[in-house]
Amino acid sequence: MRATRWIRQFHRWTSVVFFLCVIATTVALAQERPLLWMSYLPLAPLALLALTGLYLFALPYFSRHALPRHDLPQHDLPQHDLPRREDLRDKAPR
């Protein structure tokens with residue numbers, strides 16, 4: 001659990017760094033003589049955000065709590081309460 005908490009915190013702070021990089025890139029490219037190398041600056045935090053974001057997205061699907069539990073009661077509807085396809089077809093207006 002500690003690793004997940006650390007990754008969440010890292011993801012949050014990386015998003016702040018990415019935001020600041022985008023602002024710095026916008027300012028640098030708006031100059032009279034733009035610094036073109038600044039356009040590559042946000043790519044490093046963006047890659048980190050993509051990796052940590054994919055991990056955090058997949059986390060609920062692979063956690064222990066997402067596995068099916070066999071001790072829960074199964075609620076099956078009785079088949080006789082459901083309408084049959086043949087019954088619906090006979091009552092359809094033509």
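## Starting point: V16 and its patch

At 39% relative accessibility, V16 counts as partly exposed, because that value falls between the 20% limit for buried and the 50% limit for exposed. In this predicted model, V16 has its place in helix α1, which covers residues 2-29.

V16 also belongs to a nonpolar surface patch, where its partners are W13, F19, L20, I23 and V27. Taken together, these six side chains offer about 610 Å² of accessible area. If you are looking at the surface of the model, W13 and V27 are among the residues to pick out for this patch.

## The overall layout

Let's step back to the whole chain. The protein has 3 helices and 0 strands, and read from the N terminus its elements follow the order α-α-α. Of its 94 residues, 13% count as buried.

The protein exposes about 9100 Å², with carbon and sulfur atoms supplying 65% of that area. As for contacts, consider those with a sequence separation of 6 or more: 61% of them come from residues 24 or more positions apart.

## Charge along helix α1

The surface holds a patch of positive charge as well, and R2, R5, R8 and R12 gather there. R2 lies in helix α1. With a relative accessibility of 76%, R2 counts as exposed, because the value is over the 50% cut-off.

## Two buried threonines

Helix α1 is also the place of T4 and of T25, and this pair makes a nice contrast with R2. T4 has 11% relative accessibility and so counts as buried. T25, at 7% relative accessibility, counts as buried too. Both labels follow because buried means under 20% relative accessible area.

Which residues does T4 contact, once its neighbours within four places in sequence are left aside? They are Y55 and L59. Both positions fall in the range of helix α2, which spans residues 43-62. For T25, with residues up to four places away not counted, the list is M38, S39, L41 and P42.

## H11 and its partners

H11 is another residue of helix α1. Its relative accessibility is 22%, so H11 counts as partly exposed; the cut-off for buried is under 20%.

Setting aside neighbours within four places in sequence, H11 is in contact with L49, T52, G53 and L56. One of these partners, L56, is 45 residues from H11 in sequence, yet the two C-alpha atoms are 9.1 Å apart in space.

## A47 in helix α2

Now for a view from the other helix. A47 is found in helix α2, made up of residues 43-62. Its relative accessible area is 40%, so A47 is partly exposed.

How far apart are the C-alpha atoms of A47 and T14? The separation is 9.9 Å, for two residues that are 33 residues apart along the chain.

## Pulling it together

Helix α1 offers a friendly tour of the accessibility classes. R2 counts as exposed, V16 and H11 count as partly exposed, and T4 and T25 count as buried. The surface patches bring together nonpolar residues, including F19 and L20, and positively charged ones, including R5 and R8. On the contact side, T4 touches Y55 and L59, while H11 meets L49, T52, G53 and L56.

How values were computed. Residues are numbered from 1 along each chain as its sequence is written. This is a predicted model: local features need pLDDT of at least 70, side-chain atom pairs count only at pLDDT 80 or more; totals for chains, interfaces and linings use all residues. Side-chain values use heavy atoms; hydrogens and water are left out. Patches are made of residues with over 30% relative accessible area and no salt bridge: like charges are joined within 9 Å, nonpolar side chains (Val, Leu, Ile, Met, Phe, Trp, Tyr) within 5 Å. Accessible areas come from the Shrake-Rupley method with a 1.4 Å probe; for residues, only the protein chains shown count as cover. A salt bridge is a side-chain nitrogen of Lys or Arg within 4 Å of a carboxyl oxygen of Asp or Glu. Helices (H or I, at least four residues) and strands (E, at least two) are DSSP runs, numbered from the N terminus. Buried means under 20% relative accessible area, exposed over 50%, partly exposed in between (1.4 Å probe, protein chains only). Contact means heavy atoms within 4.5 Å. Lys and Arg count as positive and Asp and Glu as negative; His and the chain ends are not counted. The place of a charge is taken as NZ of Lys, CZ of Arg, CG of Asp or CD of Glu.
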